[in-house]
Amino acid sequence: MSRPLPPAARWLLHRAAGAVLVLWGAASLAFLVLHLVPGDPVTTLLGASATDSTALRAEIRREYRLDDPAAAQYAAFLARLATGELGDSYQQRQPVSVIIGEQLGHTAELALGALVLLVAGALLTATLTAGRGRRVRGLASGAELIAVSTPAFWLGIVLLTVFSFRLNVFPVAGAGDWRSLALPVVTLAVPFGSLLAQVLREGMESALHQPFALTARSRGLRPAALRLRHALRHAAVPAVTLSGWLAGGLLSGTVLVETVFARPGLGRVALDAVSGRDIPVVVGLVLLSAAVYLVVNALADLICLWADPRLRSPV
Amino acid sequence: MRGGTFTYAAAVGTSCLDPHTSPGDITAVVQRNVFDSLVHLDDRGRFHPWLATSWKISDDARSYTFELRDDVTFHDGTPFDAAAVKANLEHIRAPATKSLYAAALLGPYRDSEILGEHRIRIDFAEPSVPFLQAASTPYLGIASPVSLSRDKDRLCAGGKYSVGSGPFRSERYVKNDRAEFVRNADYRWSPKGAAHQGPPLVDRLVVRFLPEDSVRAGALTSGQVDAAAVPITSARAVRRDSSLKLTKRQAPGAAYALYLNTGRGPLRDERVRRALQRSVDVDALIRGVYRGEYERAWSPLSPATPGGYDDSIEGAIRHDPQGAAALLDRAGWTGRDGEGYRTKDGRRLSLRWPYIGALIRDQRDVLAEAVQAELRKNGIDLVREAVETGAYFERYGKGDYDVWDNAWVRADPAILAGFYLSAQRPAEGGQNVSGANDPQVDAWLRAGAAEKRPQARETSYAKVERWAVDHGTVLPLYVPVTAIGTGEKARGLTFDANAWPQFAGVWKTER
């Protein structure tokens, strides 16, 4: 007789099965969309090149098996994916895994840097300003509103002009050391951080108005401790539910930031791949972002469970 | 002073750094540092020995015999010889290379025969006078034959996979970021007549890819790069900045022009095409949009093209709106619809011009709107259609357009053959976008490829230029320009016949 699985394992198994389903769906959708978009990949690849010949076309079609029926292409595509093989880029003539591997670090550095900065900034401003006098709150939320509505592109150019071209504190662009990372991280973090700060403050203020806050104060809890130990925990749940949106925002934000700051990274790889109908690269990136979403959502669920004991189901 | 790093900021990157495959100008500019060519074409259109010490062209221009240098080694230590040249030509021709341009430059290449360790004969199926210019380009640059076979699937990746014999060794390439090169201390085979001879003066050369115009200009003005491709919108600011220097060179080859599709719709009628040419005040538009930075073009050929441009063509297209209106009346476009556009049998005189938004540069979108406004005055509706890349090239192949814009750098009038030989149909990879199909034109172009006497050759191509303009196949707009800004410390930057910057002799005045 087999023993029932422990709940944690059941949870994991459940998650894993869902993840496989999501990845399969994402890959299939990408495959479908890219085959429905008008334009032949070979035509796009050759462009207005001067050597397009029937022989060359045939060579490319043969190599990428573009003449097979769609169903056969799809089956081969899934079979390849199942073995973890992403194929070769049409445009760059290199394995997709190599391309993504080379550029992933640059984007991860940028997105994680921005994430740390924006979460820290949002926590700081929210705890400092929640429930304060009207003037402090007005100033903070006004500044946040401006920051949220500032186009990242414009912000990036302004930061560059001031800190790179005029003051020469940071290098213009590129990748390598922390100095080249500073301006892009700020550019990416500011709009998302401001929104997160607003949500956190809202949550904290509603928590501070609840009866338990008064009870805690009457027990002699200091205001700072009340904010950090109780109100923040209450505000965390609505903020964490934003994490999916945040992950998507940071990923798509990198496209813009990488372009302005001429940084290498997946954002620009994605831009080139989509416009060049580089199907293997697009599929690789779709799978990667689906995986990122899955991880982010799993983490968000765990954080919510920690923050709100009511969500923990009785075992 | 010697040593240090010279940094150049380029405007565009590339998905492939193998010059045998990629058609991009940037590939040629970047890889010129790594790959040498058989011959060198200087900025005055004269050929000089390089990897080849001398050459002989047969009377029928179907075979070339090159005597090669015997003291050249590739960066990987492989000696340069006739077999290396043959391996390169075969690599360009091989379908697996998927050459998008070099194979076209090689033209009717048939075979090559190794006549000795440093002697090779290259044979063509047809007379190929333009081959010498083709051989001077980085696209036909000579790579180490070892790398061509060992790294054949990795050549596009650049970096350590680019192995040539050039003044710089290719070290690293990070797509969308930078390409890094190291001085080749053994370099003793500079092109004859080049301003700088021998190994480079700097230790390292870095090419940064900065697509955002304002960022690139800022990088230059703040001294973070030593030289940069200057967007035309910043040319004036760079010139005014006393710490910077702006150098402009007109690019040879096909000028930026609108080609009119003679194969369909209203433009089948030559009168309508000539009316379109006369409706646009090109002088005023180019002056207005480019503020004197660009010159208007009169011919499909750039005046900077060595041995081809015929300046008697200047003035051939006049701005004459009344004459144009009369031509349209005679062609039967006499009606007017509610929006003031001309009609015939109830159909509007409407022309389609597809374009890819992301590829717009040099303010061509502003220019296009100005052309549109000019044509509208004469009742012609020019419709600009933003399309996605796949659809764009599909329409190119099918001839599904009335107007198509193009420009192409090549330092030889043979570029006209691509645009006007009747066999060069877009569906088969040609560039004859106007659909010109005239046996006389074909004959002139073939004569141009077979004629070894420069004067007669020039006359042959001049006839094609004249025909193209007189029959309304093209509306030339401006002569493309390479504009390079250099910082205070930068010295030694030169240009080749393609108006591309050359880094073999760059140095800096202080560290």
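1. Is Arg137(A) buried, partly exposed or exposed? In this model, which is predicted, Arg137(A) is partly exposed, because its relative accessible area is 33% and the partly exposed class lies between the limits of 20% and 50%.

2. The side chain of Arg137(A) meets that of Glu205(A) in a salt bridge, with 3.2 Å from N to O. The pair links distant parts of the chain, since Arg137(A) lies in helix H6 (residues 134–148) of chain A and Glu205(A) in helix H8 (residues 178–208) of chain A, 68 residues apart. Whereas Arg137(A) is partly exposed, Glu205(A) has a relative accessibility of 15% and therefore counts as buried.

3. Over all chains, the structure holds 47 salt bridges. As general background, side chains of opposite charge can pair when their charged atoms come close. In chain B, Asp71(B) forms a salt bridge with Arg69(B), and the closest N and O atoms of this pair are 2.9 Å apart; Asp71(B) is partly exposed, its relative accessible area being 39%.

4. A further salt bridge joins the side chains of Glu113(B) and Arg121(B), at 3.1 Å from N to O. Glu113(B) counts as partly exposed at 40% relative accessibility, and Arg121(B) is likewise partly exposed, with a relative accessible area of 25%.

5. Chain B also contains a network of salt bridges, in which Glu171(B), Arg172(B), Asp177(B), Arg178(B), Glu180(B), Arg204(B) and Arg208(B) are linked.

6. Turning to helix packing, the axes of helix H5 (residues 96–129) of chain A and helix H13 (residues 279–307) of chain A come within 10 Å and cross at roughly 55 degrees, which makes H5(A) oblique to H13(A). The crossing in which H5(A) passes H13(A) is right-handed. On the side of H5(A), the contact is made by Val96(A), Ile99(A), Ile100(A) and Leu104(A), while H13(A) contributes Pro280(A), Val281(A), Gly284(A), Leu285(A) and Leu288(A).

7. In chain B, three strands form an open sheet with antiparallel pairing, in the order E14-E15-E16. Strand E14 (335–336) and strand E16 (347–348) of chain B stand at the edges and have a single partner strand each, so one side of each is left without a neighbour in the sheet.

8. Within this sheet, strand E15 (residues 342–344) of chain B pairs with E16(B) in the antiparallel sense over two bridges. Thr343(B) has Arg348(B) as its bridge partner in E16(B).

Definitions and conventions:
Residues are numbered from 1 along each chain as its sequence is written. Chains are lettered from A and ligands numbered from 1 in the order in which they are written. This is a predicted model: local features need pLDDT of at least 70, side-chain atom pairs count only at pLDDT 80 or more; totals for chains, interfaces and linings use all residues. Side-chain values use heavy atoms; hydrogens and water are left out. Two strands pair if DSSP finds at least two bridges between them. Helices (H or I, at least four residues) and strands (E, at least two) are DSSP runs, numbered from the N terminus. A salt bridge is a side-chain nitrogen of Lys or Arg within 4 Å of a carboxyl oxygen of Asp or Glu. Buried means under 20% relative accessible area, exposed over 50%, partly exposed in between (1.4 Å probe, protein chains only). Axes are lines fitted to C-alpha atoms, for helices over the stretch in contact, and angles run from 0 to 180 degrees between N-to-C directions. Angles under 35 degrees count as roughly parallel, over 145 as roughly antiparallel, 65 to 115 as roughly perpendicular and the rest as oblique. A crossing is left-handed if the near helix is turned anticlockwise from the far one by less than a right angle, and right-handed if clockwise. Contact means heavy atoms within 4.5 Å.
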